[in-house]
Every structure is written in structure tokens, then in C-alpha cells.
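Colleague: Before I take this model to the bench, I would like to go through the terms used for it and hear how each one is justified.
Modeller: Then let us look at it together and set each value against its cut-off.

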Amino acid sequence: MMARRERLLGPNNPTFYDDPVHFVRGEGVWLFDADGRRYLDAYNNVPHVGHCHPHVVEAISRQAGLLNTHSRYLHDNVLDYAERLTATFHRSLSTVLLTCTGSEANDVALRMARAITGKHGVIVTDFTYHGNTSAVMELATLIPREDGFSTHLRTIPAPDSYHLEPGEKDETDMAARVLAHLDAAISSLEEAGHGVSAIMLCPIFANEGFPDLPPGFLDRVAKRVRKAGGVVIADEVQPGFGRTGAAMWGHQYSGFTPDIVTMGKPMGNGHPIGGVVTTHDIMHAFRTKNVYFNTFGSNPVSCAAGLAVLDVIENENLIANAAEVGAYAKERLEKMAEKFGFLGDVRGAGLFFGAEIVHPGEQITADKKLAKKAVNLMRENGVIMGLLGRKENLFKIRPPMPFSKTNADHLFEVMDHVLSRL
Ligand SMILES: Cc1ncc(COP(=O)(O)O)c(C=O)c1O
């Protein structure tokens, strides 16, 4: 199968794990491979309300059996969805543009920022990813590139509450350093004549390794960017739709209000839908200066999927579940870190958490090799999870939202067995 894949799909198409998995079915938090073996899914956030949730499947198939067209005809679903979605935001964020992917949403957000500010400069962290269109790939600082970055891009250090710089004693010192870099990036863009159109950031810095942040940090970031005439784009592709357990959106959890919010992955529970939510003024500036049409964006079937996901989040109390099970799981992981010396910092929020794998004794030296061995062994033992962070040594545990305490117990029983073997 791997050879066929390479022949048909070309090289450099990575799979997870030394021994790739071939799934054929999913149900709730469970995945089943071609041999009928069951795996606990502690990784996938796209099947947000659970693999193949019957309410979402039914909504998609009902609408697909009735009508699917595009946004140039009138349809209630897109308006109903826009209303339901914007009701979850601060009242200033009242308009929606739908896309098919998170990349497209971020691409449009950059164009909106340019339309409202008339400027071009963009700021991101130095270890990030916001998607794969030409414009957003230019912001993908976590992917090494030989040709350097675009002249209108400036980076600030990705916040990291664990690997502090010499002289820093906690995340407050770390945050002060990042803010100083932000001031320098703003000055540099102004001096170069680009000006600041936007900062784009994930409100929990998920790809950067979900660091602990001091309260009010992102509000201070937003104030500086706005003072320079720019806007703040919150990429909610990962923390959105209640993942942190504290609120519907990562920026609400982190305590600031962005000007533009982008979303994707969990939005349609696997059905490809993404979107941008912004203010009336920004949407107007963008729509009057640009023509934007997306054949599949905002079609009635995608909107039916989006509406059904919102129903399930509400009806099954999934945000409260993320808070309760996430807190329970983090506590268990902390206990495990007391037992195994090579488990370092444990952090995260709601159902997005993990632990650093480090060399025992020197708590801040990453052990990527051991981390990789651990996730491969977890897979061998029927639990799906991943790694992330600059040093690829951070357990990434981010299951579908109906993950229960019983599922967490299962995860940690297997983890205890695997870590004992290591
Ligand atoms: C933070 C973030 N933004 C945007 C994207 C792009 O989303 P998509 O793959 O749906 O285009 C990703 C994908 O991994 C992501 O992690």
C-alpha cells in the first residue's frame, strides 16, 4: 500500500508512525483499522463532536439529498449558520465569510487586513503554521526554507514558558521579552515602508507548543498592533469550538477580542468548511475593494454540517465536558510526571494538553528520540496521539470532544505501561 501510494501520489507524502495505520471506520472516540483492531483516538480534532456523529451525518445526507448549490443563489442555511455562529462572539464580530479550508480563511483574512489598513506588513511567531496557499505559506516559519522570508514579514519569538532565556524566572519575564520583540518588529515594518497590516496568531499558540501565558499578555499584544494601525487576526483553527473548555473561542479563553477570526478543522466535523468572522467595517472594506467568490464556500450542505456541529456542542455540553475531563486528565498526567523522570512540564487547557519528554535529571533538555518511541509504542498498544513543538518532544493529546474520564483512564493505563517499558 505504501508503494502504491508513492507511485500514485508522489514522494514526500508523510504518514504518522513507523508502522503507518490504515483506518477504515470511526465511531465517537474510536477508530478501527483494516484488521478490525480498535484504537482510542486521543489526537484528532477534526471529528470534533466524535467520529461519524449520527446527528452530523444525518444533517449532511439530508441536505445532500435535497439540494447543493453555491452562494449565488439564496439559501436559508448560510444565513441561519451565520446567525448561530456570530452569536458566539463579541457583538463587534458580526459578519461571516465562508471558505472550504483554514488556509483559505487565513488567506482572506490577510486580504481583509490589507483592505482596511492599506498596509502590507505582517507579523507572526518564529515557529508557526497558518496554512498552505501561497500567501499564508509565506508565514509558515516552522517549515525550514532556503529562499528566506518575504520582505513584508517580521517574526517575534514563539512564547515558550518552559525553555526560558537566561535571566528569566517565569512566563511574565518571557512575555516581556516577546513584547519587546513585537515593538522592534513594528518599528522595522514602519521603517521599511510596509507599515503594519496585521499580526496573525493562534490564541493558545497551539503549533508553537501551547505555552502557559501570563494573564493579559495577548491584550497587550493587540494594543501595540492597533496603535501601529494594524489589526489582530486570531487563527482559531485549533482552539476554536470550545476546545479549551473555558469558552467557545481560544481568544475568549486568552482574554482579548480580535478584529478578524479564522476557523476551519472542527467546524464541519470532517466536512470541509472554514470561515472568517469579522466586524461590519472590515467586511465592508474587503467586499467593496475585492470580488470574492468561492464555488464551494457557504454551500447549503457545508452549512448543514456546521449547524449540526453547533447543535451537538450545545446538546451534549461538550465545552463543560472538555473542562472537566481535561482537568482530570491533566492531573493524571502530572501524577505520571512524578513517577517518570523523563516527563517534564505538563501543560494545556481543556482537551488540548501534553507533557514535554526530556532527559531525566536535566529537566529542560528535549528528548525527541524517546518521545517518538513513546508515541509509536502508544500506537502499537492501541492509542493514537502525536508530538509537536519546536523540538518535537511534546506529547500532543487533543481528542474528539466527547472524550470521557473512562477514556482518559484507558489512555493513562496504556501510557503507564508504555512509559514503564521505556
Ligand atoms: C493553526 C492552523 N491554521 C491553519 C491551518 C490550515 O488549515 P487547512 O489545512 O484546513 O487549510 C492549520 C492546519 O494544520 C493550522 O494548524
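Modeller: This is a predicted model, and a good place to enter it is helix H6 (residues 171-191), which lies across strand S5 (121-125), S6 and S7 and runs at about 170° to S6.

Colleague: What makes S5 largely enclosed by the rest of the structure?
Modeller: A residue counts as buried if 20 or more other C-beta atoms lie within 10 Å of its own. Five of the five residues of S5 are buried, so the strand is largely enclosed by the rest of the structure. Gly 121, Ile 123 and Thr 125 point one way from S5, while Val 122 and Val 124 point the other way, and all of them are buried. In a regular strand the side chains alternate between the two faces of the sheet.

Colleague: How do you know that S5 pairs with S6 and with S7?
Modeller: Two strands pair if at least two bridges are found between them. S5 and S6 have four bridges and pair in the parallel sense, and three bridges join S5 to S7, again with the strands running parallel, so both cases satisfy the cut-off of at least two. As examples of residues that face each other, Ile 123 stands opposite Arg 154 in S6, and Val 122 stands opposite Ala 198 in S7.

Colleague: Which strand does S7 join through four bridges, and which residue is the partner of Ile 199?
Modeller: Four bridges join S7 (residues 196-201) to strand S8 (residues 231-235), and the two run parallel. The bridge partner of Ile 199 is Val 232 in S8.

Colleague: Why are S4 and S6 said to stand at the edges?
Modeller: The open sheet has seven strands in the order S4-S10-S9-S8-S7-S5-S6, with mixed pairing. Strand S4 (95-99) and strand S6 (153-156) each have a single partner strand, so one side of each is left without a neighbour in the sheet. On average, neighbouring strands of this sheet are turned by 20° against each other, direction ignored.

Colleague: How do you know that the buried residues of H2 line one face of the helix?
Modeller: In helix H2 (residues 54-64), Val 56, Ala 59 and Gln 63 are buried. Seen down the axis of H2, the buried residues fall within an arc of 65°, and therefore they line one face of the helix. The face turned away from that buried side carries the exposed residues Pro 54, Glu 58, Ser 61 and Arg 62. Helix H10 (300-315) is included in what covers the buried residues of H2.

Colleague: Why is Pro 144 called exposed, whereas Met 267 is called buried?
Modeller: Exposed means 12 or fewer other C-beta atoms within 10 Å, and buried means 20 or more. Pro 144, in the loop between helix H5 (134-137) and S6, has 6 such neighbours and therefore counts as exposed. Met 267, in the loop between strand S9 (260-263) and strand S10 (274-278), has 30 other C-beta atoms within 10 Å and is therefore buried. Leaving out residues up to four places away in sequence, Met 267 touches Phe 241, Ile 273, Gly 274, Gly 275, Gly 306 and Val 309.

Colleague: What is noted about the phi of Tyr 17 and of Asn 269, and is each buried or partly exposed?
Modeller: Tyr 17 has a positive phi of about 75° although it is not a glycine, and the phi of Asn 269 is near 55°, a positive value in a residue other than glycine. Tyr 17 lies in the loop between helix H1 (2-9) and strand S1 (23-27), and with 14 C-beta neighbours inside 10 Å it counts as partly exposed. Asn 269 lies in the loop between S9 and S10, and with 27 C-beta neighbours inside 10 Å it counts as buried.

Colleague: Which classes of residue make up the shell around the ligand?
Modeller: The shell has three nonpolar, 11 polar and two charged residues, and Gly is counted among the polar ones. In total 16 residues surround the ligand, the closest being Thr 101, Gly 102, Ser 103, Gly 131 and Val 237. Helix H4 (residues 102-117) gives the most to this shell, with three residues.

Terms used:
Residues numbered from 1 in each chain as written. Predicted model: local features only at pLDDT ≥ 70, side-chain atom pairs only at ≥ 80, totals over all residues. Arc of directions from axis to C-beta. Contact = placed C-beta atoms within 7 Å. Near = placed C-beta within 6 Å. Axes fitted to C-alpha atoms, helices over the stretch in contact; angles between N-to-C directions.
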